[in-house]
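Reader: Hey, got a minute to walk me through this one? I'd like to begin with the core.

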Amino acid sequence: MLPRCPRLLHDSLRIAAEEHPDKLAVITDDQRVSYRELYQQARRLARGLQERGVQRGDHVAIFLENSVETVVAVYGTLIAGAAFMVVNPQTKADKLAYVLSDAAAVALLAEGHLSKVVAEATEQAPSLRTVLTRGPLTSGSLTPSTAREPATEWLDLDSFLAEHPPEPRDPGVVPIDLAALIYTSGSTGNPKGVMLSHQNMVFTQASLVEYLRLSSDDRILNVLPLAFDYGLYQAIMAVHLAATLVLESSFSFPAKVIKRVNQEAVTVFPGVPTVFATLLSLHRDRPQWMPSVRRYTNTAAHLPDDHVPGLWQMSPDALVFKMYGLTECKRVCYLEPELVQVKPSSVGKAIPGTETFVLDDDGNPVPPGTTGTLWVRGPHVMMGYLNLPEATAHMLKPGRYPGERMLCTHDLFRSDDDGFLYFVGRSDDIIKSRGEKVAPVEVENVLASIPGVKEAAVVGVPDELLGQAVRAYVVLDQGTEMSERELRRACMARLENYMVPRNVVFLSELPKTGSGKVRKKDLLEAEQR
Amino acid sequence: MSEIERDVREFISENFILDEEELNGDASLTRQGVLDSMGVLELIMFVEERFELKVPDEDTLPENFDSVDRIVAYLNDRLATAKR
């Protein structure tokens, strides 16, 4: 008899399929899939992956837009005993190659229309044996590289699923095994793979639905990339609850999303400040009405206090949750919605089953009102970064008990007399634009690699809609001429959309310290003059 | 190429850093990462100003704006009805 309580992340899908087989699991533009179907497809994928040699502990990459297939891929990978990594479909070849080879991914599910990027990336990922494509391939005929043995085989995903029975072998995974790798940008330039175990994620899914007060009756919208942990967990929570996920590929057409919210009676609307700013500007133009929404959730950046009344105008029954977290533990804290106007700038208190501490540099608690560094303790804390012991040691330090590790967020916080947390600032130079992390050094590296560019410095400047906009200061090689447009276009080919500098300022030289480091503060101050 | 199409292509390639030549008429603009929610709103604003019409909320859908061909078709439709 199988346990009723999930122990592994995909147990929730099995339980949902057993208890609510006909309930709608995922709704997209063109598909409406029940739990029974979702589970069967995931099991077919698992069997197919196993037939292709995917073993317990292997890593499978998912390079798909938000779709039913992405959710199938997540759970299918888990059922096969492997760990999944969802990669943003806007990722270009170099970075895709980097993550595939860092993770030594053995299989990749990808959009057919991204086959050009995939083909280029897979040249540098020798571990990859299987590519499953969704939809027609763009380029003409693609021959797998024969330069190395065994060659990577490219197969059509739909046919692959149809070919394999929903009968995977039990891979014997235990809760402390790896479930997911979530890549996150870091100040050092290359993305880092956050390692999360089944245990981490099973704990987290339960804590989230508890404080968000969700049930199986909820209909959860997701417009955020499933490559982003915030988006991913909308799907995970839905499955855990046997609720319904209303999946959109993006928030590109806000009016369409609003229409969908009403058509599908969406009850949970997760967003980042950019999404809410866009919604509210539409609402100002012409009143929008989304009466079914009973939860708005916000994270990634601060939700301006004056946004909340607007959300209530659109959805009078909604509770608004201001939250803070980081990929390294998924979520840290949340503000009880009843306090959203009582403690307006606060991000609240630790999520259920976890604790937080605001400490000084010596590790001692600071008094209320004093700024310190936020530390996190709980079962949600990552196992570490893949292949990066030093970066891991930077974030995880020994805790109270042997083997325990506490997470140092390296973010500056203070608490008030009632113990409520307030975000003060980052201690690194990561830019948050549209709710996404942009590492200046990553953009600087790309700029510097463009022929004609001598050097570049990238900073975040405040922007009403984006939160922060990415700005590049560029020094060109002597005698070179290049337009802002050309530079931005070159960046587009190498970076995700949200990382491309919004504008470029050309300088004859960058202000530097005695030791040669760029004085970014001076650049920002020059702007304000 | 109609004048409408020329104007639309010019706006998109200028503001969304794409080469006019690269801009396939039927290729999805959001899928190419060219348009996101910010970009769609800018595009709507351009269309309203340049072609002197108001785009109602219910028209801001991928069917009408997610590719050059679709934008041109939408505009042709709107401008034809306006003339009557």
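Author: Sure, and keep in mind that this is a predicted model. In the largest nonpolar core, which has 162 residues, the ones that touch the most other members are A:Ile62, A:Phe63, A:Met85 and A:Leu108.

Reader: Which helix gives the most to this core?

Author: Helix H8 of chain A, residues 229-241, with nine residues.

Reader: And which domains does this core draw at least three residues from?

Author: Domain 1 (35-197) and domain 2 (251-426) of chain A each supply at least three.

Reader: Back to A:Ile62. What is it in contact with, leaving aside neighbours within four places in sequence?

Author: A:Ile62 contacts A:Thr70, A:Ala73, A:Val74 and A:Leu109, plus the run A:Phe84, A:Met85, A:Val86 and A:Val87. There's also a second, separate core of 25 residues, with A:Ile431, A:Ala457, A:Ala472 and A:Leu487 among them.

Reader: OK, domains next. What does the assignment give for chain A?

Author: Domain 1 is 35-197, domain 2 is 251-426 and domain 3 is 431-528.

Reader: How far apart are the C-alpha centres of domain 1 and domain 2 of chain A?

Author: Those centres lie 30 Å apart. Where the two touch, 12 residues come from domain 1 of chain A and 10 residues from domain 2 of chain A.

Reader: Which strand gives the most on the domain 1 side?

Author: S9(A), with six residues. Strand S8 (178-184) and strand S9 (192-197) of chain A each supply at least two residues there. By class, that side of domain 1 of chain A has six nonpolar, four polar and two charged residues.

Reader: Switching to helix H11 of chain A, residues 307-314: which residues are buried?

Author: A:Val308, A:Leu311 and A:Met314 are buried. They sit on the same side of H11(A), because the arc they cover around the axis is only 120°.

Reader: What covers the buried residues of H11(A)?

Author: The cover includes helix H10 (273-285), strand S13 (295-298) and strand S14 (319-324), which belong to chain A.

Reader: Last thing, the other chain. How many residues of chain B are in contact with chain A?

Author: 14 residues of chain B, and they meet 18 residues of chain A. Helix H2 of chain B, residues 37-51, gives the most to the chain B side, with three residues.

Reader: How does that side of chain B split by class?

Author: The side of chain B that touches chain A has six nonpolar, four polar and four charged residues.

How values were computed: Residues numbered from 1 in each chain as written. Chains lettered and ligands numbered in written order. Predicted model: local features only at pLDDT ≥ 70, side-chain atom pairs only at ≥ 80, totals over all residues. Contact = placed C-beta atoms within 7 Å. Helix = DSSP H or I, 4+ residues; strand = E, 2+ residues; numbered from the N terminus. Nonpolar A, V, L, I, M, F, W, Y, C, P; charged D, E, K, R; others polar. Core = buried A, V, L, I, M, F, W, Y, C linked by C-beta atoms within 7 Å. Buried ≥ 20, exposed ≤ 12 C-beta atoms within 10 Å, placed from the backbone. Domains from an automatic or database assignment. Arc of directions from axis to C-beta.
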